[in-house]
Amino acid sequence: MDKIAVVILNWNGVKLLEQFLPSVIQFSEGATIYVADNDSTDNSVEFVAKNFPNIKIVKNSGNHGFAKGYNDALQHIDAEIYALVNSDIEVTENWLKPILDTFDKEKQTAIIQPKILDFKNKEYFEYAGAAGGFIDKYGFPFCRGRIFETVEKDNGQYNDNIELFWASGACFFIRKKVFDELKGFDESFFAHQEEIDLCWRAANEGHIIKYNSQSVVYHVGGATLQQGNPKKTYLNFRNSLLMMVKNLPKRGLFFVIFFRMVLDGIAGIRFLTQGKFGHTFAILKAHFSFYCLSLKYLKKRKDFQIQQYYTVKSIIFLYYIRKLTLFKEIFNSIQNIKN
């Protein structure tokens, strides 16, 4: 068994592989590197085989998205630690060492995220993960360094190593035994929020999720599905509701989901006023799909769910009503309430 396997999921991303594989190869000494290909129709597989013969290729039978794509590929990879890395990630020197050191020293730590900065503007955090993720009571995710559309400049304010609620799937380290124990990602999600669901399920089992600022990567973001794409809106809204059905504490379960759906409706109206009709339709479609799948997902619930899963009650209230746009401001408001 390898100590660590760096696994890059690919679908028709030959240009991204050409651009970003060299940094992974250069700075991943001691790791075995894999490209897990989701049945690409471009020349991705041929390109890797010809130009990077030391990289191992796992061929999936179809384009199964992020969740099933990784689940299928990892069945063929034997390593103590999986590093699941987007194909649009540039890694930096010694990016693996602080992660592996943490896993070696902290046996309860099951999942780790590095500091994720923006490849296009390297002084700033990147939207998909930034300095680690949390959620509010109604399942809306946010990050240190990114609250909704506000992305912070990296001034060293998150140069720490703390516990998180969720780690970004853009660059996601997990122990193989924990991934297997949790039966991997939820394949019904296809893509988006499956890493939050996996982290939530890990937390329900007593595992720890952490952020390590000594490991730094740069992420392009939106290389597969652009932020403004209604399909992304559909997957995010649908998967968030499904995730909540599986993982929310039993007490208040239906009230929280009902209130979340009301907030989704408000978001849909906001999209209408902005002329973004495709996004409003995507939310309606997400809710209809949720209705169809909700009974199935109720059966996926485990016997135990952690009670204190959220950091704030409503990130929407804090951001849009109180105008707190930075994580530090939100953290200070929480401390003032506690005091």
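**Exercise 1.** Is Lys 176 buried or exposed, and what is its relative accessible area?

*Solution.* The model is a predicted one, and every value below is computed from it. Begin by placing the residue: Lys 176 belongs to helix α5, which covers residues 176-181. Next, take the relative accessible area of Lys 176, which is 18%. The cut-off for a buried residue is under 20%, and therefore Lys 176 counts as buried. Finally, look for the residues around Lys 176: leaving out those up to four places away in sequence, Lys 176 touches Met 1, Ile 77, Asp 78, Ala 79, Glu 80 and Tyr 82.

**Exercise 2.** Describe helix α1 by its span, its bend and its buried residues, and then find what covers those residues.

*Solution.* First consider the span: α1 runs over residues 14-27, has 14 residues, and reaches 20 Å from its first C-alpha to its last, which is close to the 20 Å expected at 1.5 Å a residue. Second, follow the axis of α1, which bends by about 40° at Phe 20, with a proline, Pro 22, following within four residues. Third, list the buried residues of α1, which are Val 14, Leu 16, Leu 17, Phe 20, Leu 21, Ser 23 and Val 24; Phe 20, where the bend lies, is thus one of the buried residues. Last, the cover over these buried residues includes the strands β1 (2-10), β2 (32-37) and β5 (89-91), together with helix α2 (44-51).

**Exercise 3.** Decide how the buried and exposed residues of α2 are arranged around the helix.

*Solution.* Start with the buried residues of α2, namely Ser 44, Val 45, Phe 47 and Val 48. Because they cover an arc of only 165° around the axis, they lie on the same side of α2. A general rule helps in reading such a pattern: an α-helix has 3.6 residues a turn, so residues three or four places apart point the same way. Then turn to the other side of α2, where Glu 46 and Lys 50 are exposed. To complete the picture, the buried residues of α2 pack against β1, α1, β2 and β3 (56-59).

**Exercise 4.** How many cavities of 30 Å³ or more does a search of the whole structure find, and which element gives the most to the lining of the largest cavity?

*Solution.* The search of the whole structure finds one cavity of 30 Å³ or more. The volume of the largest cavity is about 40 Å³. Its lining is made up of Ile 8, Leu 17, Phe 20, Leu 21, Val 24, Val 85, Asn 86, Ser 87 and Ile 89. The element that gives the most to this lining is α1, with four residues.

**Exercise 5.** Compare the surroundings of two buried residues, Met 244 and Asp 197.

*Solution.* Take Met 244 first, which is placed in helix α7 (residues 230-247) and has a relative accessible area of 0%. If neighbours within four places in sequence are set aside, Met 244 is in contact with several residues, among them Lys 137, Tyr 138, Trp 200, Ile 257 and Arg 260. The C-alpha atoms of Met 244 and Arg 260 are 9.8 Å apart in space, while the two residues are 16 residues apart in sequence.

Now take Asp 197, which lies in helix α6 (residues 194-204) and also has a relative accessible area of 0%. With neighbours within four places in sequence again left aside, the contacts of Asp 197 are Asp 186, Phe 189, Met 243, Lys 246 and Asn 247.

**Exercise 6.** Where do Asn 12 and Lys 323 lie, and what are their phi values?

*Solution.* Asn 12 sits in the loop between β1 and α1, and its phi is near 55°, a positive value in a residue other than glycine. With a relative accessible area of 28%, Asn 12 is partly exposed. Lys 323 sits in the loop between α10 (315-321) and α11 (327-338), and its phi is positive as well, at about 65°, although Lys 323 is not a glycine. Its relative accessibility is 58%; the cut-off for an exposed residue is over 50%, so Lys 323 counts as exposed.

Note on methods. Residues are numbered from 1 along each chain as its sequence is written. This is a predicted model: local features need pLDDT of at least 70, side-chain atom pairs count only at pLDDT 80 or more; totals for chains, interfaces and linings use all residues. Side-chain values use heavy atoms; hydrogens and water are left out. Helices (H or I, at least four residues) and strands (E, at least two) are DSSP runs, numbered from the N terminus. The expected span of a helix is 1.5 Å times one less than its number of residues. The bend at a residue is the angle between axes fitted to the seven residues ending there and the seven starting there. Buried means under 20% relative accessible area, exposed over 50%, partly exposed in between (1.4 Å probe, protein chains only). Contact means heavy atoms within 4.5 Å. The arc is that of the directions from the helix axis to the C-beta atoms. On a 1 Å grid over the protein atoms alone, a cavity is a set of points where a 1.4 Å probe fits but cannot get out, and a pocket is an open set with protein on both sides within 12 Å along at least five of seven lines; lining residues have an atom within 4 Å of a point. Grid points are joined across faces, edges and corners, and a volume is the space filled by probe spheres set on the points.
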